[in-house]
Amino acid sequence: MSSERAPSSRTPPLALVMFGATGDLAARKLLPALASLAGEGSLSERFGLIGVARRPWSDDEFRDHCRAAAPDAKPAWDQLVNRFRYVSGDYGDDATFDKISEVLGELDGESGGRQSTAGNRIFYLATIPALFGEVAKGLALHGLNRPGPAGKFARIVIEKPFGRDLESARALDRSLHECFEESQIYRIDHYMGKETVQNVLALRFANSIFEPVWNRRYVGHVQVTVAEALGVEHRGSFYEGAGALRDIVQNHLMQVVALTLMEPSATMDPAAIRDEKVKLLRSIVIPTVEEVEGTVVRGQYFAGLIDGKPVPGYREEEGVEPQSSTETYVAMRLAVDNWRWAGVPVFIRTGKRLAKRSTEVAMVFQRPPHLPFAGQLVRGLQPDALILRIQPDEGITLRFGAKVPGQDFRVRSVTMEFSYKEAFGADPPEAYERLLLDAMIGDPTLFIRTDEVEQAWRLLAPIQEAFAWGYPHLSHYESGSWGPIEAVRLLEPEGYEWVNP
């Protein structure tokens, strides 16, 4: 998103070293994204991939794995795959990093320079978070963290979660910063790669009809929803140690809130945009532990119906404790203490086993100060709202009042719809395509900076403490619903209600 980036960006020559290359993330997201980039011509012909994992595979077995992960890829992908390499070994073993260094040297000098990866490296850590520090240390001990001659680069990409709380996030950053400069670290949150998330900036700053009303004078309240119809599936043991607060609120939700409410940046320079996001996060009022009970709802799903089919409750899921108190739903009221948003409540919610999968931002506007018609004439009239649909049906909805055809003067809410697929003739690209390309061309705009991570954890620290003490109480909600009744009551004192997709 920097001003230098053209729509047809192409990567420089480089070697991508993917730790955890045989895992689920690589197979489902990373390899298909690379295949799409290759098909679009975005990858340099001098691109090389080195897969690193514990499985005792050969180069050819890894290449077959890459082809199987993207069966519909264009011929350009197959041509690149022929050059891919594989290193089998433990991430704590010096021999593994010796072998990586050796293979990188071979790729850099391949074919007398005509296919050389030119000394540029990206290390992608698609591993469990507990290994991030260990891998970074191994790379540093073998000199692989150094950019090399002028114009060359070495970057490290890590997946969320970035710690479990404020202290662990700081500890992770210390271990990373001992090995890499902050400018080399790309913390990836795939939500930031979604076209509609990025379009928040375009919607606000490229349209004079929206920016003037994007403030407390016109907006009554803001809602951000990240809803999932799926349960924890086969990740019960993982989710027991995470919960919705850590899994979604700290990263996805806080990033979307920051982009939606931040001040305009002077330029589209990555540093300027990330500065404004941090300023917004610092403007959010941190509740005291005592205030959590009145501003936060936590819930857990029990058995119900999804698409007409019965599904088990959270405590019946594989790997979940029978008396688990882990939250699968969180809703909260935030306050932003700055000139633009003072007095405007921001409601956020996320949950599993909800009525449908949907991620939306709703800017709900204040009602007109006076309506010349009332009673039956305005039954069905809701507050005006601008709704940004981030997934799965990417687009924008504008809700406003209109007269119902007929003799009577009745007004009700109607909508105008914009669909990305219909407008541009195709679905938006997958988030990982955008983020991988940005990491390779060196655009950090959509990646998370260390001060963003810290501030998000700082905001949640009192909520984590309250949860540890057992309050607010754990509510329960039926699978297939929109969450616990307490979440509805969170909005009722101010006369609001959730905008359900």
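**View 1. The largest pocket in this predicted model.** This pocket holds about 1600 Å³ of space. It's lined by 48 residues, and the ones closest to its centre are Leu25, Arg28, Lys29, His190 and Arg235.

**View 2. Helices and strands around the largest pocket.** Three helices each bring at least two residues to the lining: H1 (24-39), H9 (243-261) and H13 (431-441). Strands S7 (219-227) and S14 (385-391) also supply at least two residues each. If you want one element to start with, go for H1, which gives the most to this lining, with 5 residues.

**View 3. What sort of residues line the largest pocket.** Sort the lining by class and you get 22 nonpolar, 17 charged and 9 polar residues.

**View 4. The second largest pocket.** Here the volume is about 520 Å³. Of the 29 residues in its lining, look for Ile387, Arg399, Trp498, Val499 and Asn500, which are the closest to the centre.

**View 5. Strands around the second largest pocket.** Five strands each add at least two residues to this lining: S7, S13 (358-365), S14, S15 (395-403) and S16 (411-419). S13 has the largest share, with 4 residues. You've met S7 and S14 already, as each of these strands also supplies at least two residues to the lining of the largest pocket.

**View 6. What sort of residues line the second largest pocket.** By class, this lining has 11 polar residues, along with 9 nonpolar and 9 charged ones.

How values were computed:
Residues are numbered from 1 along each chain as its sequence is written. This is a predicted model: local features need pLDDT of at least 70, side-chain atom pairs count only at pLDDT 80 or more; totals for chains, interfaces and linings use all residues. Side-chain values use heavy atoms; hydrogens and water are left out. On a 1 Å grid over the protein atoms alone, a cavity is a set of points where a 1.4 Å probe fits but cannot get out, and a pocket is an open set with protein on both sides within 12 Å along at least five of seven lines; lining residues have an atom within 4 Å of a point. Grid points are joined across faces, edges and corners, and a volume is the space filled by probe spheres set on the points. Ala, Val, Leu, Ile, Met, Phe, Trp, Tyr, Cys and Pro count as nonpolar, Asp, Glu, Lys and Arg as charged, and the others, Gly among them, as polar.
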